[in-house]
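Trainee: Could you take me slowly through one part of this model, explaining the terms as you go?

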Amino acid sequence: RGTVAVLSTYKPGASAFERLTLARKCVAKLREAEPSHVGVILPGADEAERAAFAEAVAAAVAASNFDPPHFKAEKDKTPHIGSLTLFGGRKALDFTRTLAEAEGNALARWLTLLPANHLTPAQYLGYAKELARRERWKLEFLDEKKLARLGAGVFLAVCRGSAKRDAGIVHLSYTPRKAARGAKPLALVGKGICYDTGGVNLKSAKSMFGMHGDMQGSAVALATLLALTRLKVPYRVDAWLAVARNEIGSHAYTQNEVVTASNGVSVEVVHTDAEGRMVLSDTLALASRGAPGLMLDYATLTGSCVVALGSRYSGAFTRSTELAKAAIAAGVASGERVWPLPVDADYDEALESQVADVKQCVVESEADHILAARLLGRFVPESVPWMHVDLAASEHKGGLAHVPTDVTGFGVRFTLNLLLDQGLAPR
């Protein structure tokens, strides 16, 4: 009757990443036949293995049902898989969280794939407003005038080269109906550079191609907020999206300028293509004023992190040993793997400036991923538990784990495991 069967073996004790990768490959093979329904049989597996592999297949099927932005004259006719049936097993399985993660991941990928002229800062704000109305989030937009009043000179330096004055910080808040007593908020911060030319230190054509995706960190923060809203977590969640474009123009910021952030730290500009850490600096400082119980920031920040780890892992940077251990565990358990990198204080020697509190970066780019994390730490008080995630795995050719597209939306599944399974939800 046209049924297609895919047979696959797996090794006992397979990791989450291995399970998700196998599930992605099986679903990709099935999709060649354009199925509307999928059934899964897992013979020989114990209940724990059965549940783990069933969840991997559910995640892979959901990720494959993704509809990317489409601007071709001919409509995309790729059908979705409408249902998934699991055969065998004695325990009921709940995929509520898997589907919440999948919805968030799809949002992150969709936003990231939008062309630069379809996701300007103003258009991004429009999408955020639409989501806020639908999800009943509170929304505040700190435009350039408000940021100037707040003294956010480091953020504003990046905006100066843009002809349109639409940059700013989008602040979204989810508040549960029944909040846990005394729970501090969770802060999610994301780099939202909607296009990155490199500024005055202009990128080459090869390096500039694809820079409409330099806002994926903000998309992951927004997507994680959506997933946590779906799960109705009992604590407030704030998402801070640093939305801007890094462009060239007669007013663009230049090397050797000194600008001052909202927390009073002065920064000497060294390279205008290190704009991500500039917009994040003020955003982190402003987000810190709410004294969150945990702060996570996401950014496609440095090429050096990709050099260090490749595109299969993302880098994690934190001052807390407890957070570093939890990050490794969350990466292993979720299949979105991260690896902690050093943030020792002696790296600051490279960032010493003769005219400002700190240099933005160094020209030589040595250990740039670590220096970027050290700079960002200047804008987060020691009292705030904080982790910076450099999204080296934001793009991986052929997909990664359960996600079949080159743009991976990496971070949503990792963060939910960090919060819900590693015990790091705000208290």
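Mentor: Before we look at a pair of helices, it helps to know that an axis here is a line fitted to C-alpha atoms, for helices over the stretch in contact, and that angles run from 0 to 180 degrees between N-to-C directions. Two packed helices are described by the angle between their axes and the distance between the axes. Please keep in mind that this is a predicted model. In it, helix α9, which covers residues 275-288, and helix α12, which covers residues 368-377, have axes that come within 10 Å and cross at roughly 30 degrees. Because angles under 35 degrees count as roughly parallel, α9 is described as roughly parallel to α12. The crossing of these two helices, α9 and α12, is right-handed.

Looking now at the residues that bring the pair together, you will find R277, L280, S281 and L284 on the α9 side, and these meet D368, A372, L375 and L376 on the α12 side. Sorted by character, the residues of this contact between α9 and α12 divide into 5 nonpolar, 1 polar and 2 charged.

For a second view, turn to T318, which lies in strand β10, residues 314-318. Its relative accessibility is 12%, and T318 therefore counts as buried. A polar atom of the T318 side chain lies 3.1 Å from the backbone nitrogen of S320, while the side chain of T318 also reaches the backbone oxygen of W386, at 2.9 Å. If we leave aside the neighbours within four places in sequence, T318 is in contact with L323, A324, V343, W386 and M387.

Technical notes. Residues numbered from 1 in each chain as written. Predicted model: local features only at pLDDT ≥ 70, side-chain atom pairs only at ≥ 80, totals over all residues. Heavy atoms only, no water. Helix = DSSP H or I, 4+ residues; strand = E, 2+ residues; numbered from the N terminus. Parallel < 35°, antiparallel > 145°, perpendicular 65-115°, else oblique. Left-handed = near helix turned anticlockwise from the far one by under 90°. Contact = heavy atoms within 4.5 Å. Nonpolar A, V, L, I, M, F, W, Y, C, P; charged D, E, K, R; others polar. Buried < 20%, exposed > 50% of the residue type's maximum accessible area, 1.4 Å probe, protein only. Polar contact = N/O pair within 3.5 Å; in protein donor to acceptor, adjacent residues only side chain to side chain.
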